[in-house]
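This report describes the arrangement of one protein model for a reader who has not met it before. Please look at the sequence and the structure below before reading on.

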Amino acid sequence: MINQVEQETIKTFHKLIIGDCTKMPEVEDSSVHLMVTSPPYFNAPFDYKNLYNDYQHYLEILRKVAKEVYRVLKEGRIAALNIDDMLVDGEKFPIVADATKIFQETGFRYRDRIIWKKPEGYLRISKRSGVILQHPYPMYYYPDNLLESIIIFQKGKFDYKSIARGIKESSKINTREFQNNKWYMTLWEMTNVLPGSVLEKDIAAFPEELPYRIIKLFSYKGETVLDPFAGSGTTMKVARLLERNSIGFEIKKSLETIIGEKLGFGDQKTMFQTEDSFEVIIRKEREYGYIS
Ligand SMILES: C[S@@+](CC[C@H](N)C(=O)[O-])C[C@H]1O[C@@H](n2cnc3c(N)ncnc32)[C@H](O)[C@@H]1O
């Protein structure tokens with residue numbers, strides 16, 4: 001029985017909603033098994049100007065999303081956010097602390113915080129500390145940031161007995177991979193997506209390794225993974241690779257084609273089995289609609 005389940009390839013569905021994720025009427029209550037996302041920077045490019053007037057407005061939006069995520073997640077399940085504090089005009093905005101508070105106030109239990117460390121070579125691209133080389137005096141110090149956080153929340157208690165034996169076995173974590181790649185620590189060293197990659201151009205995409213670890217550690221095959229801020233569709237792609245279903249929300253309509261391609265529903269269909277389905281819903285309403 002177990003071997004049979006292992007050998008069968010699971011047919012998965014992937015749903016992309018082009019619209020604002022502060023409302024998710026397309027997703028039923030308690031229907032999602034895991035949420036993985038990286039919200040936008042609150043001072044993100046000009047085309048979001050009307051979305052995030054200022055930091056307080058950004059936090060209000062995060063609160064609405066947290067509420068919707070809580071509604072759609074099944075009891076016992078995990079919400080993981082890749083997020084980091086931001087330095088704007090010499091002032092650091094404590095996004096990690098504020099997001100943690102917001103998720104706690106929404107009803108989630110704060111379960112863990114993992115630090116993602118990028119390779120030091122990354123600094124060549126984004127050097128802040130260089131100021132002190134030009135002005136080698138006190139008060140010019142701004143260290144280069146190599147770190148981001150992954151904060152992990154849980155909705156209630158997980159019933160370990162609710163998973164069928166076959167699915168449990170086929171979703172087993174490879175303990176060699178777990179140990180060799182040091183998943184056991186609160187420090188994850190992962191290479192970031194380098195600027196210049198074609199599909200992720202102008203999108204602050206996270207590396208596939210990030211949703212890969214979270215999906216493997218916190219969901220079973222055939223379950224559904226949600227990314228409310230889909231971007232280029234990294235979470236959805238990895239969910240498909242790992243035989244999970246996915247639901248993504250993305251407010252920028254222009255990303256629809258990129259997401260489809262990244263998931264393998266464009267020209268690169270050969271990457272995956274073809275019976276998987278891909279549905280795109282484009283919201284018509286103005287209030288929670290999309291921006292082009
Ligand atoms: C940091 S990017 C996500 C990148 C993604 N993790 C990836 O690997 O490509 C955040 C995305 O959220 C989208 N976004 C911002 N506000 C949104 C909203 N209210 N609803 C849905 N998507 C939103 C942005 O357009 C952007 O593509």
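## Helix H8 and its surroundings

In this predicted model, the buried residues of helix H8 are Thr234, Thr235, Met236, Lys237, Val238, Ala239 and Arg240. Helix H8 spans residues 234–241 and is mostly covered, with 7 of its 8 residues buried. The elements that cover these buried residues include strands S1, S2, S9 and S10 as well as helices H7 and H9, the last of which comprises residues 256–262. Just after helix H8, Glu243 adopts a positive phi of about 60°.

Thr234 of helix H8 also belongs to the surroundings of the ligand: 20 residues surround the ligand, and the closest are Ala205, Phe229, Gly231, Ser232 and Thr234. By character, the shell around the ligand divides into 11 nonpolar, 5 polar and 4 charged residues.

## The sheet

An open sheet of 9 strands is present, with mixed pairing and the order S8-S6-S7-S3-S2-S9-S10-S1-S11. Its edges are formed by strand S8 (187–189) and strand S11 (277–282), each of which pairs on one side only. From one strand to the next, the twist averages 20°.

Strand S1 (residues 13–18) pairs with strand S10 (residues 245–250) in the parallel sense, over 5 bridges. Within this pair, Leu16 has Gly248 of strand S10 as its bridge partner. Helix H7 (residues 209–218) lies across strand S2, strand S3 (73–83) and strand S9 (224–227), and runs at about 155° to strand S2.

## Strand S7 and its partners

Strand S7 covers residues 147–154, and 6 of its 8 residues are buried, so this strand is largely enclosed by the rest of the structure. Strands S3 and S7 pair in the antiparallel sense over 6 bridges; here Asn82 has Ile150 of strand S7 as its bridge partner.

Strand S6 (residues 109–117) also runs antiparallel to strand S7, and 8 bridges join the two. In this pairing, the bridge partner of Lys117 in strand S7 is Leu147.

## The nonpolar core

The largest nonpolar core has 55 residues. Those with the most contacts inside this core are Val32, Leu34, Met35, Ala79, Ala80 and Ile215.

Which residues does Ala79 touch, not counting residues up to four places away in sequence? Its contacts are Met35, Val69, Leu73, Phe103, Phe108 and Phe153. Met35 is thus named both as a contact of Ala79 and among the residues with the most contacts inside the core.

## Exposed loop residues

Three loop residues lie outside the buried regions described above. Asp54 is placed in the loop between strand S2 (32–37) and helix H2 (55–72). Asp54 counts as exposed because 9 C-beta neighbours lie inside 10 Å, and the limit for an exposed residue is 12 or fewer. Asp54 and Asn43 are 11 residues apart in sequence, and their C-alpha atoms are 7.6 Å apart in space.

Met139, although not a glycine, has a positive phi of about 85°. Met139 is found in the loop between helix H4 (131–134) and strand S7, and counts as exposed because it has 6 C-beta neighbours inside 10 Å. Lys182 is likewise not a glycine and has a positive phi, of about 55°. The place of Lys182 is in the loop between helix H6 (175–180) and strand S8; with 10 C-beta neighbours inside 10 Å, Lys182 counts as exposed.

Notes. Residues are numbered from 1 along each chain as its sequence is written. This is a predicted model: local features need pLDDT of at least 70, side-chain atom pairs count only at pLDDT 80 or more; totals for chains, interfaces and linings use all residues. Helices (H or I, at least four residues) and strands (E, at least two) are DSSP runs, numbered from the N terminus. A residue is buried if 20 or more other C-beta atoms lie within 10 Å of its own, exposed if 12 or fewer, and partly exposed in between; C-beta atoms are placed from the backbone. A residue is near a molecule or strand if its C-beta atom, placed from the backbone, lies within 6 Å of it. Ala, Val, Leu, Ile, Met, Phe, Trp, Tyr, Cys and Pro count as nonpolar, Asp, Glu, Lys and Arg as charged, and the others, Gly among them, as polar. A nonpolar core is a set of buried Ala, Val, Leu, Ile, Met, Phe, Trp, Tyr and Cys residues joined through C-beta atoms within 7 Å. Two residues are in contact if their C-beta atoms, placed from the backbone, lie within 7 Å. Two strands pair if DSSP finds at least two bridges between them. Axes are lines fitted to C-alpha atoms, for helices over the stretch in contact, and angles run from 0 to 180 degrees between N-to-C directions.
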